[in-house]
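User: I am new to this structure. Please take a close look at the ligand site, then at the spaces inside and along the protein.

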Amino acid sequence: MSDDDITPVEDVAREFATWVRDNADALVRYRDEARSFEDAVAVHRELQRLLWDEGWTRWGWPRASGGRGGSVRHRAAVYEVLALADIGVPETFQILEVAGEAVQHFAPELAAELLPRLVSGADVWSLGLSEPEAGSDLASLRTRIAPAGDRYVVTGAKTWNGFGHLADYSFALCRDESAGEGRTALTMALVDLHATGASTRPIRAMTGRNEFAEVFFDDVEVPAERIIGGRGNGWNVIAYMMQFERGTYAWPRQSRLHRRLDDLLARYPRSMAAHPGRLGEAYLDLVALRLKCRESLRALATEGGPGPNASVDKLLVVRAETEITSLGHDVSFPDVELGEDPDAAMWRHDYVYARALSIFGGTNEIQKNIIAEKILGLPREGRR
Ligand SMILES: Cc1cc2nc3c(=O)[nH]c(=O)nc-3n(C[C@H](O)[C@H](O)[C@H](O)COP(=O)(O)OP(=O)(O)OC[C@H]3O[C@@H](n4cnc5c(N)ncnc54)[C@H](O)[C@@H]3O)c2cc1C
(Lines give C-alpha, C1' and ligand atoms only; values in the text may rest on other atoms or scores of the structure.)
Protein backbone atom coordinates (compact mmCIF):
# COMPACT_ATOMS: atom_id res chain seq x y z
CA MET A 1 0.00 0.00 0.00
CA SER A 2 1.45 3.41 -0.92
CA ASP A 3 1.05 6.61 1.06
CA ASP A 4 -1.55 7.67 -1.51
CA ASP A 5 -3.81 4.92 -0.19
CA ILE A 6 -3.94 6.36 3.32
CA THR A 7 -7.48 7.21 4.38
CA PRO A 8 -7.92 10.99 4.88
CA VAL A 9 -8.09 12.16 8.50
CA GLU A 10 -11.72 13.31 8.16
CA ASP A 11 -12.79 9.85 6.96
CA VAL A 12 -10.96 8.10 9.81
CA ALA A 13 -12.72 10.43 12.27
CA ARG A 14 -16.13 9.74 10.71
CA GLU A 15 -15.65 5.96 10.53
CA PHE A 16 -14.32 5.78 14.08
CA ALA A 17 -17.22 7.91 15.40
CA THR A 18 -19.64 5.46 13.75
CA TRP A 19 -17.83 2.49 15.31
CA VAL A 20 -17.94 4.18 18.73
CA ARG A 21 -21.70 4.82 18.36
CA ASP A 22 -22.33 1.24 17.23
CA ASN A 23 -20.37 -0.14 20.19
CA ALA A 24 -21.61 2.34 22.80
CA ASP A 25 -22.89 -0.35 25.20
CA ALA A 26 -19.60 -2.24 25.24
CA LEU A 27 -17.62 0.99 25.65
CA VAL A 28 -19.50 2.18 28.75
CA ARG A 29 -16.94 0.46 30.95
CA TYR A 30 -14.29 2.89 29.61
CA ARG A 31 -16.32 5.98 30.51
CA ASP A 32 -14.33 9.06 31.53
CA GLU A 33 -14.61 9.00 35.32
CA ALA A 34 -12.48 9.51 38.43
CA ARG A 35 -10.77 6.23 39.31
CA SER A 36 -7.70 5.40 41.34
CA PHE A 37 -4.63 5.79 39.15
CA GLU A 38 -3.95 2.05 39.20
CA ASP A 39 -7.55 1.24 38.16
CA ALA A 40 -7.49 3.91 35.46
CA VAL A 41 -4.29 2.53 33.95
CA ALA A 42 -5.65 -1.05 34.08
CA VAL A 43 -8.95 -0.07 32.41
CA HIS A 44 -7.18 2.04 29.82
CA ARG A 45 -4.75 -0.76 28.96
CA GLU A 46 -7.79 -2.91 28.18
CA LEU A 47 -9.17 -0.11 25.98
CA GLN A 48 -5.79 0.28 24.26
CA ARG A 49 -5.79 -3.45 23.45
CA LEU A 50 -9.30 -3.23 21.99
CA LEU A 51 -8.54 -0.13 19.88
CA TRP A 52 -5.29 -1.63 18.60
CA ASP A 53 -6.95 -4.95 17.71
CA GLU A 54 -9.75 -3.09 15.92
CA GLY A 55 -7.12 -1.06 14.07
CA TRP A 56 -8.14 2.45 15.19
CA THR A 57 -4.99 3.33 17.14
CA ARG A 58 -2.81 1.92 14.38
CA TRP A 59 -3.58 5.10 12.44
CA GLY A 60 -0.78 7.63 12.58
CA TRP A 61 2.04 5.10 13.10
CA PRO A 62 4.24 3.69 10.32
CA ARG A 63 3.47 0.28 8.87
CA ALA A 64 6.92 -0.95 9.91
CA SER A 65 5.82 -0.46 13.54
CA GLY A 66 2.49 -2.23 13.11
CA GLY A 67 0.61 0.92 12.12
CA ARG A 68 -1.61 1.82 9.17
CA GLY A 69 0.35 4.91 8.13
CA GLY A 70 -0.84 8.49 8.28
CA SER A 71 0.36 11.22 10.59
CA VAL A 72 -0.10 12.60 14.07
CA ARG A 73 -3.32 14.19 12.74
CA HIS A 74 -4.83 10.71 12.37
CA ARG A 75 -4.01 9.98 15.99
CA ALA A 76 -5.47 13.33 17.02
CA ALA A 77 -8.72 12.51 15.22
CA VAL A 78 -9.05 9.23 17.13
CA TYR A 79 -8.37 10.94 20.48
CA GLU A 80 -10.98 13.60 19.74
CA VAL A 81 -13.70 11.08 18.94
CA LEU A 82 -12.99 9.28 22.23
CA ALA A 83 -13.01 12.50 24.26
CA LEU A 84 -16.24 13.80 22.74
CA ALA A 85 -17.94 10.42 23.30
CA ASP A 86 -17.17 10.66 27.04
CA ILE A 87 -14.66 7.81 26.84
CA GLY A 88 -11.42 8.30 28.74
CA VAL A 89 -8.51 8.94 26.39
CA PRO A 90 -6.00 6.42 27.81
CA GLU A 91 -3.85 8.08 30.48
CA THR A 92 -0.76 6.50 28.98
CA PHE A 93 -1.26 8.39 25.72
CA GLN A 94 0.83 11.20 27.24
CA ILE A 95 3.90 8.98 27.34
CA LEU A 96 3.10 7.32 24.06
CA GLU A 97 2.84 10.63 22.23
CA VAL A 98 6.16 11.81 23.66
CA ALA A 99 8.50 8.84 24.10
CA GLY A 100 6.82 6.70 21.41
CA GLU A 101 7.33 9.46 18.85
CA ALA A 102 10.97 9.90 19.86
CA VAL A 103 11.72 6.19 19.55
CA GLN A 104 10.01 6.10 16.18
CA HIS A 105 12.10 9.06 15.01
CA PHE A 106 15.50 8.21 16.54
CA ALA A 107 15.42 4.39 16.74
CA PRO A 108 13.00 3.03 14.10
CA GLU A 109 14.24 -0.57 14.46
CA LEU A 110 13.54 -0.54 18.17
CA ALA A 111 10.18 1.10 17.45
CA ALA A 112 9.24 -1.77 15.14
CA GLU A 113 9.80 -4.13 18.08
CA LEU A 114 8.37 -2.10 20.96
CA LEU A 115 5.83 0.41 19.61
CA PRO A 116 3.06 -2.16 19.00
CA ARG A 117 3.41 -3.25 22.66
CA LEU A 118 3.31 0.36 23.85
CA VAL A 119 0.32 1.47 21.77
CA SER A 120 -1.67 -1.71 22.52
CA GLY A 121 -1.14 -1.32 26.26
CA ALA A 122 0.97 -4.48 26.64
CA ASP A 123 3.79 -2.30 28.03
CA VAL A 124 3.76 0.94 29.99
CA TRP A 125 6.61 3.44 29.79
CA SER A 126 7.59 6.25 32.10
CA LEU A 127 9.48 9.47 31.36
CA GLY A 128 12.62 9.60 33.50
CA LEU A 129 13.72 13.23 33.24
CA SER A 130 13.34 15.07 36.57
CA GLU A 131 15.60 14.40 39.53
CA PRO A 132 15.58 15.66 43.13
CA GLU A 133 18.08 18.41 42.15
CA ALA A 134 17.14 18.82 38.48
CA GLY A 135 13.71 19.89 37.26
CA SER A 136 13.60 23.10 35.20
CA ASP A 137 17.37 22.95 34.95
CA LEU A 138 17.33 19.50 33.39
CA ALA A 139 20.89 19.78 32.06
CA SER A 140 22.18 19.57 35.64
CA LEU A 141 20.91 16.00 36.12
CA ARG A 142 23.19 13.48 37.80
CA THR A 143 21.94 10.00 36.89
CA ARG A 144 24.94 8.44 35.15
CA ILE A 145 25.27 6.07 32.24
CA ALA A 146 28.62 4.48 31.44
CA PRO A 147 29.81 1.82 28.98
CA ALA A 148 30.51 -1.64 30.48
CA GLY A 149 31.77 -4.04 27.80
CA ASP A 150 29.14 -4.32 25.07
CA ARG A 151 26.46 -2.87 27.38
CA TYR A 152 25.85 0.21 29.52
CA VAL A 153 25.16 0.67 33.20
CA VAL A 154 22.82 3.29 34.70
CA THR A 155 23.05 4.57 38.28
CA GLY A 156 21.06 7.32 39.97
CA ALA A 157 17.60 8.48 41.06
CA LYS A 158 14.67 10.11 39.25
CA THR A 159 11.57 11.67 40.74
CA TRP A 160 8.03 12.76 39.76
CA ASN A 161 8.06 10.13 37.01
CA GLY A 162 4.48 9.66 35.82
CA PHE A 163 3.42 5.96 35.78
CA GLY A 164 6.86 5.09 37.26
CA HIS A 165 5.62 2.42 39.69
CA LEU A 166 3.43 0.77 37.01
CA ALA A 167 5.88 1.01 34.14
CA ASP A 168 7.90 -1.64 32.34
CA TYR A 169 10.44 0.84 30.93
CA SER A 170 11.88 4.20 31.86
CA PHE A 171 12.80 6.58 29.07
CA ALA A 172 15.69 7.95 31.08
CA LEU A 173 17.91 10.93 30.34
CA CYS A 174 21.37 10.29 31.78
CA ARG A 175 24.75 11.99 32.14
CA ASP A 176 27.30 10.26 29.92
CA GLU A 177 30.65 11.74 30.93
CA SER A 178 32.69 9.96 28.29
CA ALA A 179 30.37 11.05 25.41
CA GLY A 180 31.04 14.79 25.51
CA GLU A 181 30.70 17.95 27.59
CA GLY A 182 27.73 20.06 28.73
CA ARG A 183 24.62 19.11 26.79
CA THR A 184 26.55 16.68 24.59
CA ALA A 185 27.26 14.66 27.74
CA LEU A 186 23.60 13.60 27.88
CA THR A 187 22.35 10.27 26.56
CA MET A 188 18.81 8.91 26.38
CA ALA A 189 18.34 5.25 27.32
CA LEU A 190 15.33 2.98 27.50
CA VAL A 191 15.84 1.22 30.83
CA ASP A 192 14.02 -2.01 31.73
CA LEU A 193 12.38 -1.40 35.10
CA HIS A 194 12.18 -5.16 35.74
CA ALA A 195 15.97 -5.50 35.42
CA THR A 196 18.17 -6.18 38.46
CA GLY A 197 18.93 -2.96 40.34
CA ALA A 198 15.80 -1.02 39.24
CA SER A 199 13.18 -0.11 41.86
CA THR A 200 10.34 2.38 42.24
CA ARG A 201 8.36 4.05 45.03
CA PRO A 202 4.98 5.66 44.25
CA ILE A 203 4.30 9.29 45.21
CA ARG A 204 0.79 10.37 46.15
CA ALA A 205 -0.35 13.53 44.35
CA MET A 206 -2.78 16.04 45.84
CA THR A 207 -5.53 14.43 43.77
CA GLY A 208 -5.11 11.49 46.20
CA ARG A 209 -3.83 9.31 43.36
CA ASN A 210 -0.40 7.67 43.01
CA GLU A 211 0.27 9.38 39.71
CA PHE A 212 4.03 9.36 39.75
CA ALA A 213 6.98 7.71 41.42
CA GLU A 214 10.56 7.91 42.48
CA VAL A 215 12.67 5.61 40.32
CA PHE A 216 16.04 4.26 41.46
CA PHE A 217 18.76 2.76 39.28
CA ASP A 218 21.46 0.81 41.05
CA ASP A 219 23.87 -0.32 38.31
CA VAL A 220 21.08 -1.33 35.96
CA GLU A 221 22.32 -2.89 32.72
CA VAL A 222 21.10 -1.48 29.40
CA PRO A 223 21.80 -3.20 26.05
CA ALA A 224 23.47 -1.00 23.40
CA GLU A 225 20.41 -1.07 21.11
CA ARG A 226 18.36 0.65 23.85
CA ILE A 227 20.41 3.85 23.57
CA ILE A 228 18.04 6.23 21.77
CA GLY A 229 19.52 8.51 19.10
CA GLY A 230 23.15 7.70 19.91
CA ARG A 231 25.42 8.67 22.78
CA GLY A 232 25.68 12.38 23.54
CA ASN A 233 22.50 13.13 21.59
CA GLY A 234 20.13 13.16 24.59
CA TRP A 235 19.48 16.91 24.44
CA ASN A 236 18.32 16.68 20.80
CA VAL A 237 16.04 13.78 21.71
CA ILE A 238 14.52 15.92 24.49
CA ALA A 239 14.08 18.94 22.20
CA TYR A 240 12.28 16.73 19.67
CA MET A 241 10.06 15.15 22.34
CA MET A 242 9.09 18.43 23.93
CA GLN A 243 7.30 19.57 20.77
CA PHE A 244 4.96 16.65 21.35
CA GLU A 245 4.74 16.99 25.13
CA ARG A 246 3.83 20.67 24.76
CA GLY A 247 1.96 20.36 21.45
CA THR A 248 0.18 17.04 20.89
CA TYR A 249 -0.49 16.74 24.58
CA ALA A 250 -2.84 19.72 24.51
CA TRP A 251 -5.08 18.43 21.71
CA PRO A 252 -7.01 15.66 23.50
CA ARG A 253 -7.21 17.90 26.56
CA GLN A 254 -8.96 20.64 24.57
CA SER A 255 -11.37 18.08 23.06
CA ARG A 256 -12.21 16.86 26.53
CA LEU A 257 -12.57 20.41 27.89
CA HIS A 258 -15.15 21.20 25.19
CA ARG A 259 -17.18 18.23 26.38
CA ARG A 260 -16.71 19.11 30.05
CA LEU A 261 -17.94 22.66 29.41
CA ASP A 262 -21.03 21.28 27.63
CA ASP A 263 -21.63 18.93 30.60
CA LEU A 264 -21.46 21.88 32.96
CA LEU A 265 -24.05 23.83 30.98
CA ALA A 266 -26.37 20.82 30.84
CA ARG A 267 -26.06 19.91 34.51
CA TYR A 268 -25.96 23.34 36.16
CA PRO A 269 -27.87 25.67 33.78
CA ARG A 270 -28.99 28.07 36.52
CA SER A 271 -25.60 28.45 38.18
CA MET A 272 -23.96 28.85 34.78
CA ALA A 273 -26.41 31.60 33.86
CA ALA A 274 -25.06 33.55 36.83
CA HIS A 275 -21.56 33.59 35.26
CA PRO A 276 -21.99 34.75 31.64
CA GLY A 277 -18.64 36.59 31.61
CA ARG A 278 -16.66 33.62 32.89
CA LEU A 279 -18.42 31.28 30.48
CA GLY A 280 -17.52 33.61 27.59
CA GLU A 281 -13.89 33.81 28.72
CA ALA A 282 -13.63 30.06 29.13
CA TYR A 283 -15.10 29.47 25.69
CA LEU A 284 -12.75 31.97 24.05
CA ASP A 285 -9.75 30.42 25.80
CA LEU A 286 -10.84 27.05 24.50
CA VAL A 287 -11.29 28.22 20.93
CA ALA A 288 -7.87 29.92 20.97
CA LEU A 289 -6.35 26.70 22.31
CA ARG A 290 -8.05 24.58 19.67
CA LEU A 291 -6.89 26.78 16.80
CA LYS A 292 -3.32 26.88 18.06
CA CYS A 293 -3.27 23.09 18.60
CA ARG A 294 -4.54 22.50 15.06
CA GLU A 295 -1.71 24.59 13.73
CA SER A 296 0.85 22.64 15.80
CA LEU A 297 -0.56 19.32 14.63
CA ARG A 298 -0.32 20.52 11.05
CA ALA A 299 3.31 21.57 11.65
CA LEU A 300 4.11 18.22 13.26
CA ALA A 301 2.55 16.38 10.32
CA THR A 302 4.05 18.43 7.50
CA GLU A 303 7.00 20.55 8.60
CA GLY A 304 8.78 18.49 11.23
CA GLY A 305 7.15 20.27 14.15
CA PRO A 306 6.34 23.64 15.70
CA GLY A 307 9.69 23.83 17.56
CA PRO A 308 9.68 26.36 20.44
CA ASN A 309 6.23 27.53 19.31
CA ALA A 310 4.75 24.53 21.16
CA SER A 311 5.39 26.48 24.38
CA VAL A 312 2.47 28.73 23.39
CA ASP A 313 0.17 25.66 23.26
CA LYS A 314 1.31 24.68 26.73
CA LEU A 315 0.49 28.13 28.16
CA LEU A 316 -2.90 28.14 26.41
CA VAL A 317 -3.87 24.70 27.72
CA VAL A 318 -2.92 25.73 31.25
CA ARG A 319 -5.07 28.87 30.96
CA ALA A 320 -8.12 27.10 29.47
CA GLU A 321 -8.01 24.17 31.86
CA THR A 322 -7.51 26.34 34.93
CA GLU A 323 -10.38 28.61 33.87
CA ILE A 324 -12.84 25.80 33.09
CA THR A 325 -12.07 23.67 36.13
CA SER A 326 -12.37 26.75 38.38
CA LEU A 327 -15.72 27.52 36.78
CA GLY A 328 -16.71 23.87 37.24
CA HIS A 329 -15.68 24.07 40.88
CA ASP A 330 -17.67 27.23 41.56
CA VAL A 331 -20.91 26.29 39.81
CA SER A 332 -20.95 22.75 41.25
CA PHE A 333 -20.15 23.91 44.79
CA PRO A 334 -20.76 22.41 47.38
CA ASP A 335 -21.16 19.07 45.50
CA VAL A 336 -17.59 19.41 44.24
CA GLU A 337 -16.21 19.52 47.78
CA LEU A 338 -18.46 17.00 49.48
CA GLY A 339 -20.40 15.02 46.86
CA GLU A 340 -19.78 11.33 46.33
CA ASP A 341 -21.47 10.98 42.95
CA PRO A 342 -19.20 10.38 39.93
CA ASP A 343 -19.74 13.85 38.48
CA ALA A 344 -18.72 15.62 41.69
CA ALA A 345 -15.71 13.33 42.03
CA MET A 346 -14.67 14.13 38.46
CA TRP A 347 -14.91 17.92 38.93
CA ARG A 348 -13.00 17.59 42.21
CA HIS A 349 -10.26 15.64 40.49
CA ASP A 350 -10.08 18.00 37.50
CA TYR A 351 -10.01 21.11 39.67
CA VAL A 352 -7.09 19.83 41.73
CA TYR A 353 -5.22 18.29 38.78
CA ALA A 354 -5.34 21.58 36.82
CA ARG A 355 -3.03 23.10 39.47
CA ALA A 356 -0.27 20.69 38.38
CA LEU A 357 -0.59 21.52 34.71
CA SER A 358 1.51 24.68 34.99
CA ILE A 359 4.37 22.58 36.39
CA PHE A 360 4.88 19.40 34.36
CA GLY A 361 6.30 19.39 30.87
CA GLY A 362 8.12 22.60 31.88
CA THR A 363 6.64 25.26 34.18
CA ASN A 364 4.82 28.36 32.91
CA GLU A 365 7.90 30.44 33.70
CA ILE A 366 10.11 28.15 31.63
CA GLN A 367 7.66 28.32 28.68
CA LYS A 368 7.72 32.12 28.90
CA ASN A 369 11.54 32.10 28.92
CA ILE A 370 11.50 29.95 25.75
CA ILE A 371 9.01 32.26 24.04
CA ALA A 372 11.02 35.34 25.05
CA GLU A 373 14.36 33.98 23.90
CA LYS A 374 13.59 31.69 20.99
CA ILE A 375 10.51 33.30 19.43
CA LEU A 376 10.74 36.98 20.38
CA GLY A 377 14.55 37.05 20.35
CA LEU A 378 14.80 38.94 23.64
CA PRO A 379 18.17 38.87 25.40
CA ARG A 380 18.71 36.34 28.18
CA GLU A 381 18.81 37.83 31.63
CA GLY A 382 22.43 38.73 32.52
CA ARG A 383 23.57 38.46 28.88
CA ARG A 384 22.90 41.87 27.39
C1 LIG B 1 1.74 16.09 37.82
C2 LIG B 1 3.20 16.07 37.48
C3 LIG B 1 3.67 15.09 36.61
C4 LIG B 1 5.04 15.04 36.31
N5 LIG B 1 5.47 14.04 35.48
C6 LIG B 1 6.79 13.93 35.22
C7 LIG B 1 7.28 12.82 34.45
O8 LIG B 1 6.51 11.98 33.96
N9 LIG B 1 8.62 12.71 34.27
C10 LIG B 1 9.51 13.62 34.78
O11 LIG B 1 10.70 13.46 34.56
N12 LIG B 1 9.08 14.68 35.52
C13 LIG B 1 7.74 14.85 35.75
N14 LIG B 1 7.29 15.90 36.52
C15 LIG B 1 8.25 16.85 37.09
C16 LIG B 1 8.22 18.21 36.38
O17 LIG B 1 8.73 18.11 35.07
C18 LIG B 1 9.04 19.20 37.24
O19 LIG B 1 8.36 19.33 38.48
C20 LIG B 1 9.14 20.56 36.56
O21 LIG B 1 9.98 20.49 35.43
C22 LIG B 1 9.69 21.64 37.53
O23 LIG B 1 10.86 21.21 38.13
P24 LIG B 1 11.04 21.30 39.74
O25 LIG B 1 9.84 20.66 40.37
O26 LIG B 1 12.38 20.77 40.08
O27 LIG B 1 10.95 22.86 40.08
P28 LIG B 1 12.12 23.90 39.94
O29 LIG B 1 12.83 23.71 38.65
O30 LIG B 1 12.94 23.87 41.19
O31 LIG B 1 11.32 25.28 39.88
C32 LIG B 1 10.80 25.92 41.05
C33 LIG B 1 10.19 27.25 40.62
O34 LIG B 1 11.21 28.11 40.07
C35 LIG B 1 10.84 28.52 38.76
N36 LIG B 1 12.03 28.57 37.90
C37 LIG B 1 13.01 27.62 37.82
N38 LIG B 1 13.93 27.98 36.90
C39 LIG B 1 13.52 29.18 36.38
C40 LIG B 1 14.04 30.06 35.39
N41 LIG B 1 15.17 29.75 34.73
N42 LIG B 1 13.35 31.18 35.12
C43 LIG B 1 12.19 31.48 35.75
N44 LIG B 1 11.65 30.68 36.73
C45 LIG B 1 12.30 29.55 37.03
C46 LIG B 1 9.86 27.47 38.27
O47 LIG B 1 9.01 28.01 37.28
C48 LIG B 1 9.12 27.11 39.54
O49 LIG B 1 8.09 28.04 39.77
C50 LIG B 1 5.94 16.00 36.85
C51 LIG B 1 5.45 16.99 37.70
C52 LIG B 1 4.11 17.04 38.02
C53 LIG B 1 3.61 18.12 38.94
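Analyst: What follows starts at the ligand and moves on to the cavities, a pocket and one loop residue.

This is a predicted model, where local features need pLDDT of at least 70, side-chain atom pairs count only at pLDDT 80 or more, and totals for chains, interfaces and linings use all residues. Residues are numbered from 1 along each chain as its sequence is written, and side-chain values use heavy atoms, with hydrogens and water left out.

Start with the ligand. It is surrounded by 16 residues; a residue counts as near if one of its heavy atoms lies within 4 Å. The closest are S130, S136, W160, T363 and E365. By class, the shell has eight nonpolar, seven polar and one charged residue. Here Ala, Val, Leu, Ile, Met, Phe, Trp, Tyr, Cys and Pro count as nonpolar, Asp, Glu, Lys and Arg as charged, and the others, Gly among them, as polar.

Now the polar contacts, meaning pairs of N or O atoms within 3.5 Å. A polar backbone atom of S130 is 2.6 Å from an oxygen atom of the ligand. For T363, a polar side-chain atom lies 2.7 Å from a ligand oxygen. G162 takes part through its backbone: a polar atom there is 2.8 Å from an oxygen of the ligand. How much of the ligand does the protein bury? Alone, the ligand exposes 970 Å², and the protein buries 63% of that. These areas come from the Shrake-Rupley method with a 1.4 Å probe. Two elements give two or more residues to the shell: β3 (151-162) and α14 (364-375). Helices (H or I, at least four residues) and strands (E, at least two) are DSSP runs, numbered from the N terminus.

Next, the cavities. On a 1 Å grid over the protein atoms alone, a cavity is a set of points where a 1.4 Å probe fits but cannot get out, and lining residues have an atom within 4 Å of a point. Grid points are joined across faces, edges and corners, and a volume is the space filled by probe spheres set on them. The structure holds two cavities of 30 Å³ or more.

The largest cavity has about 140 Å³ of space. It is lined by 15 residues, and T57, V78, Y79, L96 and V119 are the closest to its centre. At least two lining residues come from each of α3 (37-53), α4 (72-84) and α5 (93-106). α4 gives the most, with five. The lining divides into 11 nonpolar, three polar and one charged residue.

The second largest cavity has a volume of about 40 Å³. Its lining includes R45, Q48, D123 and W125. L96 is in this lining too. By class there are four nonpolar, three polar and two charged residues.

Then a pocket, which is an open set of points with protein on both sides within 12 Å along at least five of seven lines. The second largest pocket holds about 350 Å³. Of its 13 lining residues, V9, R73, A77, E80 and W251 lie nearest the centre. α1 (9-22), α4 and α10 (276-302) each supply at least two. α4 has the largest share, six residues. The lining has eight nonpolar, no polar and five charged residues.

Last, one loop residue. R204 lies between β6 (198-203) and β7 (212-223). Is R204 buried or exposed? R204 is exposed, because its relative accessible area is 59% and the cut-off for exposed is over 50% (buried is under 20%, partly exposed in between; 1.4 Å probe, protein chains only). R204 and F37 are 167 residues apart in sequence, with their C-alpha atoms 10.0 Å apart in space.

Technical notes: Polar contact = N/O pair within 3.5 Å; in protein donor to acceptor, adjacent residues only side chain to side chain.
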